[in-house]
Amino acid sequence: MIASRPVQNSRAYCDLTNIVRIDGKPLIGLDIRNSQPLLASFLFEKYYRDNELEIPTDVLQYKSDCGNGIFYDDFMKAISLPAEFRTEFKKDFFRPGDRQGWLV
């Protein structure tokens, strides 16, 4: 899989984004709000179903918040982080390794 980032510090694009089609026509772009947390919510839900466990209420709420595009906003409110820090928050939220950033 090849990924590119045409504008520095912007969205990354990959082969997957180029194969999505509607009625046989390629999409110009696809942007799913809160997409990484939303994809994770499907994995959480799958874990509970595969293990024949009841899905906890907080997992269902998490999935709902992600699906409604409010996960980051509500998370930031919960930790009293102003909305103008959203971009930095998302970068720090997904930064691998040692958490020495401004968020902690």
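These legends describe several close-up views of a predicted model.

**Figure 1. The whole protein combines helices and strands**. The model is predicted. Count five helices and four strands. Read along the sequence, their pattern is β-β-α-β-β-α-α-α-α. The protein has 104 residues, and buried residues make up 19% of them. Its accessible surface comes to about 8300 Å². Carbon and sulfur atoms hold 57% of that surface. Now take the contacts with a separation of 6 or more: 26% of them join residues 24 or more positions apart.

**Figure 2. Helix H2 spans residues 35–50**. This helix has 16 residues. From its first C-alpha to its last, H2 reaches 23 Å. That is close to the 22 Å expected at 1.5 Å a residue. After the helix comes glutamate 52, with a positive phi near 50°.

**Figure 3. Helix H2 has a buried face**. Which residues of H2 are buried? They are Pro37, Leu38, Ala40, Ser41 and Glu45. Seen down the helix axis, these buried residues fall within an arc of 160°, so they line one face of H2. The other side of H2 carries the exposed residues Leu39, Leu43 and Asp50. An α-helix has 3.6 residues a turn, so residues three or four places apart point the same way. What do the buried residues of H2 pack against? Their partners are helix H3 (57–67), helix H4 (71–78) and helix H5 (86–94).

**Figure 4. Helix H5 packs against H4 through its buried residues**. The buried residues of H5 are Arg86, Phe89 and Asp92. They cover an arc of only 130° around the axis, which puts them on the same side of H5. These buried residues pack against H4. Phe89 also belongs to the largest nonpolar core, shown next.

**Figure 5. The largest nonpolar core has nine residues**. Its members are Leu38, Ala40, Tyr62, Cys66, Phe71, Tyr72, Met76, Leu81 and Phe89. Which elements give two or more residues to this core? They are H2, H3 and H4. The largest share, three residues, comes from H4. In soluble globular proteins, nonpolar side chains tend to be buried together.

**Figure 6. Cysteine 66 has contacts beyond its sequence neighbours**. Set aside the neighbours within four places in sequence. Cysteine 66 is then in contact with Arg33, Asn34, Pro37, Leu38 and Phe71. Two of these partners, Leu38 and Phe71, are listed with Cys66 in the largest nonpolar core. Another partner, Pro37, is a buried residue of H2.

**Figure 7. Asparagine 34 has a positive phi in a loop**. The loop lies between strand E4 (25–26) and H2. Phi of asparagine 34 is near 60°, a positive value in a residue other than glycine. Is asparagine 34 buried or exposed? Its relative accessibility is 3%, so asparagine 34 counts as buried. This residue is also one of the contacts of cysteine 66.

**Figure 8. Serine 80 has a positive phi in another loop**. This loop lies between H4 and H5. Phi of serine 80 is about 55°, although the residue is not a glycine. Is serine 80 buried or exposed? With a relative accessible area of 65%, serine 80 is exposed.

Notes
Residues are numbered from 1 along each chain as its sequence is written. This is a predicted model: local features need pLDDT of at least 70, side-chain atom pairs count only at pLDDT 80 or more; totals for chains, interfaces and linings use all residues. Side-chain values use heavy atoms; hydrogens and water are left out. The expected span of a helix is 1.5 Å times one less than its number of residues. Buried means under 20% relative accessible area, exposed over 50%, partly exposed in between (1.4 Å probe, protein chains only). The arc is that of the directions from the helix axis to the C-beta atoms. Contact means heavy atoms within 4.5 Å. A nonpolar core is a set of buried Ala, Val, Leu, Ile, Met, Phe, Trp, Tyr and Cys residues joined through side-chain atoms within 4.5 Å. Accessible areas come from the Shrake-Rupley method with a 1.4 Å probe; for residues, only the protein chains shown count as cover.
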